[in-house]
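Here is a short briefing on one protein chain. Look over the sequence and the fold, then read the points below.

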Amino acid sequence: MDLLNDQHSRRSTRRSGMTLVEITVTLAMLGVAAGAVAKLAAIQSRLTRQHEVRLVATLQSQNATERLRRVNYDQLADAVTGIENDATFENLRLSLSPFETDDAKGLHLQIDVMDIDDKDRVLATEHLWRIQSVEGDSNASE
């Protein structure tokens, strides 16, 4: 009887613990899961950063538009030159184009915020249209 009890107790102790292979597989699975979580956190961080950069660019373009919206039609070209020379707005690209119709003349200002690292990449764009009738009695802005 002792022999049977001894064999039974050996079997139960073997089965009660984890083998080295099971521990290795478990650690490998935990490593893969931790790597996936780290990768997702890095992606989320990058997307958040891109969103913040675009938000700042949008606010910069809107700020420049609001500054120029208050300027009179005749002084707009000088104000655009002043903003282009301002170091605060170094990543802005301003293009002012005159246009004329039968009964009005006007200026179209396009304000592009450029990426600091890649000057060919536009992050945000605003448009400002200034229209003045040929008689000069109105100074409308859109």
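**A buried arginine, a nonpolar core and a strand start**

The backbone oxygen of Leu 68 lies 3.3 Å from a polar atom of the Arg 130 side chain. This is a predicted model.

**Arg 130**
- Arg 130 sits in strand 3.
- Arg 130 is buried, yet it has no salt bridge.
- The nearest side chain of opposite charge belongs to Asp 74, 9.0 Å away.
- The Arg 130 side chain also reaches a second backbone oxygen, that of Val 71, at 2.6 Å.

**The largest nonpolar core**
- This core holds 18 residues.
- Leu 68, Leu 92, Leu 109 and Ile 111 touch the most other members.
- Helix 2 (20–69), helix 3 (76–85), strand 1 (92–100), strand 2 (104–114) and strand 3 each give two or more residues to this core.
- Strand 2 gives the most, with 4 residues.
- Beyond its neighbours within four places in sequence, Ile 111 is in contact with ten residues: Ser 61, Ala 64, Thr 65, Leu 68, Leu 92, Arg 93, Leu 94, Ala 124, Thr 125 and Glu 126.

**Val 122**
- Val 122 belongs to strand 3, which spans residues 122–133.
- Val 122 counts as partly exposed because its relative accessibility is 32%.
- Outside its neighbours within four places in sequence, Val 122 is in contact with Arg 54, Arg 93, Asp 112, Val 113 and Met 114.
- Val 122 and Arg 93 are 29 residues apart along the chain, and their C-alpha atoms are separated by 9.3 Å.

Definitions and conventions: Residues are numbered from 1 along each chain as its sequence is written. This is a predicted model: local features need pLDDT of at least 70, side-chain atom pairs count only at pLDDT 80 or more; totals for chains, interfaces and linings use all residues. Side-chain values use heavy atoms; hydrogens and water are left out. Buried means under 20% relative accessible area, exposed over 50%, partly exposed in between (1.4 Å probe, protein chains only). Contact means heavy atoms within 4.5 Å. Lys and Arg count as positive and Asp and Glu as negative; His and the chain ends are not counted. A salt bridge is a side-chain nitrogen of Lys or Arg within 4 Å of a carboxyl oxygen of Asp or Glu. A polar contact is a pair of N or O atoms within 3.5 Å; within protein, one must be able to donate a hydrogen and the other to accept it, and residues adjacent in sequence count only if both atoms are side-chain atoms. A nonpolar core is a set of buried Ala, Val, Leu, Ile, Met, Phe, Trp, Tyr and Cys residues joined through side-chain atoms within 4.5 Å.
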